Amino acid sequence: MTAFPTAGLGLKPQHYVEAAACPAVGPRRGLWFEVHPENYMVAGGPRLAWLERIRATHPLSLHGVGLSLAGDERPDRSHLARFRDLIDRFEPFVVSEHLAWSRRGNVYHPDLLPVPRSREMLALICDHIDEAQAALGRTLLIENPSAYLPMSGHAWDEVDFLVEITRRTGCGLLVDVNNVHVSACNMGLSAEDWLDRVPAGLVGEIHLAGHRPDPVWGEALLIDSHDAPVSEVVWRLYRRLLDRIGPRPTLIERDGQVPAFSEMLREQARAERTLTALGALV
């Protein structure tokens with residue numbers, strides 16, 4: 001990773017060839033790529049070969065979706081071992097996970113499901129983060145989830161809950177600005193207030209993604225779909241956050257209706273320009 005925070009892209013298989021060919025000099029010298037480790041927990045084969053090739057010229061981050069840190073069961077030890085193998089092999093500059101649950105027994109859910117911010121849940125989540133960080137040998141960044149419906153049982157608001165988790169475990173935060181916007185719209189809250197309150201020293205990375213209105217409820221219910229360009233309102237919120245906390249490594253995510261690599265690079269370049277402009281001011 002370059003010394004100054006730069007912008008990266010979520011790596012998709014259809015972009016392997018172009019990503020590997022992207023030079024590590026000139027305007028793309030700071031480009032990095034993020035992958036979900038669950039897609040690479042294999043003994044060998046073409047996926048790992050492509051990742052090795054890309055890692056030779058660009059830094060990687062690993063962004064987990066399967067640890068189920070907010071589930072009512074301990075993190076799966078075999079999953080942690082495979083995750084650790086990837087960390088040791090590819091030496092990512094950031095390792096992150098979601099504040100959500102996705103597993104119970106042998107059943108895995110395709111969505112990252114929310115939990116009440118209760119005292120009992122706080123203790124459980126912190127125990128799971130402690131166990132995961134010890135097994136992985138890395139400090140995790142924890143991502144704020146999207147919210148769609150009110151949930152009872154909250155003893156903290158979201159920012160205070162996240163801050164308390166970091167205090168107890170030593171983890172950091174991955175702030176997904178799109179998730180903040182989606183949740184604020186759906187819950188009738190202020191995204192600006194959320195972003196203005198999160199402590200600057202805890203933020204290790206930022207995610208930017210697209211969303212869509214629900215096909216039935218429209219703009220009254222936003223869906224964190226990751227299948228559209230970053231919206232202008234999210235770009236404005238991103239700049240607001242950076243103006244306060246300074247530049248941070250920033251990822252552009254796209255998981256559905258994935259466009260051409262060149263289009264992804266255009267969004268990455270916009271984030272890069274924002275980071276560079278702020279860097280010139282500090």
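Let me start with Met187, which in this predicted model lies in helix H6, residues 177-187. Setting aside neighbours within four places in sequence, Met187 is in contact with Ala147, Tyr148, Leu149 and Pro150. Is Met187 buried, partly exposed or exposed? Its relative accessibility is 25%, and Met187 therefore counts as partly exposed. For a sense of distance, consider Met187 together with Ala21: the two are 166 residues apart along the chain, and their C-alpha atoms are separated by 43 Å.

I turn now to helix packing. Helix H4, residues 119-136, and helix H5, residues 158-169, pack at an angle of about 45°, and their axes are 10 Å apart. H4 and H5 are therefore oblique to each other. The crossing of these two helices, H4 and H5, is right-handed. Which residues make the contact? From H4 come Leu122, Ile125, Cys126, Ile129, Asp130 and Gln133, and from H5 come Phe161, Glu164, Ile165, Arg168 and Thr169. Sorted by class, the contact of H4 with H5 has 6 nonpolar, 2 polar and 3 charged residues.

Phe161 deserves a further word, as does the loop that precedes H4. Ser118 is placed in the loop between strand S6, residues 107-113, and H4. With a relative accessibility of 13%, Ser118 counts as buried, since the cut-off for that class is under 20%. Not counting residues up to four places away in sequence, Ser118 touches Gly153, Ala155, Trp156 and Phe161.

Two of those partners bring us to the aromatic residues. A pair of aromatic rings is described by the distance of the centres and the angle of the planes. In this model the count comes to 5 aromatic pairs, and I shall discuss two pairs, beginning with Tyr16 and Trp50. The ring centres of Tyr16 and Trp50 are 5.8 Å apart and the planes stand at 25°, so this pair is stacked. The pair links distant parts of the chain: Tyr16 belongs to helix H1, residues 16-21, Trp50 belongs to helix H2, residues 46-55, and their positions lie 34 residues apart in sequence. Tyr16 is buried, at a relative accessible area of 7%, whereas Trp50, at 24%, counts as partly exposed.

The other pair is Trp156 with Phe161. Here the ring centres are 5.8 Å apart and the planes are at 50°, so the pair is tilted. Trp156 is partly exposed, with a relative accessible area of 22%, while Phe161 counts as buried at 1% relative accessibility. Phe161 thus appears in three places in this account: in the contact of H5 with H4, among the residues touched by Ser118, and in the tilted pair with Trp156.

Helix H2, which holds Trp50, also packs against a further helix. The axes of H2 and helix H3, residues 77-90, come within 11 Å and cross at roughly 35°. On the H2 side the residues are Leu48, Leu51, Glu52 and Arg55, and these meet Leu86, Arg89 and Phe90 in H3. By class, the contact of H2 with H3 has 4 nonpolar, no polar and 3 charged residues.

I close with Arg74, in the loop between strand S3, residues 60-63, and H3. What does Arg74 touch, not counting residues up to four places away in sequence? The residues are Arg103, His128 and Glu131. Finally, Arg74 and Asp193 are 119 residues apart in sequence and, C-alpha to C-alpha, 33 Å apart in space.

Methods
Residues are numbered from 1 along each chain as its sequence is written. This is a predicted model: local features need pLDDT of at least 70, side-chain atom pairs count only at pLDDT 80 or more; totals for chains, interfaces and linings use all residues. Side-chain values use heavy atoms; hydrogens and water are left out. Axes are lines fitted to C-alpha atoms, for helices over the stretch in contact, and angles run from 0 to 180 degrees between N-to-C directions. Helices (H or I, at least four residues) and strands (E, at least two) are DSSP runs, numbered from the N terminus. Angles under 35 degrees count as roughly parallel, over 145 as roughly antiparallel, 65 to 115 as roughly perpendicular and the rest as oblique. A crossing is left-handed if the near helix is turned anticlockwise from the far one by less than a right angle, and right-handed if clockwise. Contact means heavy atoms within 4.5 Å. Ala, Val, Leu, Ile, Met, Phe, Trp, Tyr, Cys and Pro count as nonpolar, Asp, Glu, Lys and Arg as charged, and the others, Gly among them, as polar. Rings of Phe, Tyr and Trp (its six-membered ring) pair if their centres lie within 6.5 Å; planes under 30 degrees apart count as stacked, over 60 as edge-to-face and the rest as tilted. Buried means under 20% relative accessible area, exposed over 50%, partly exposed in between (1.4 Å probe, protein chains only).
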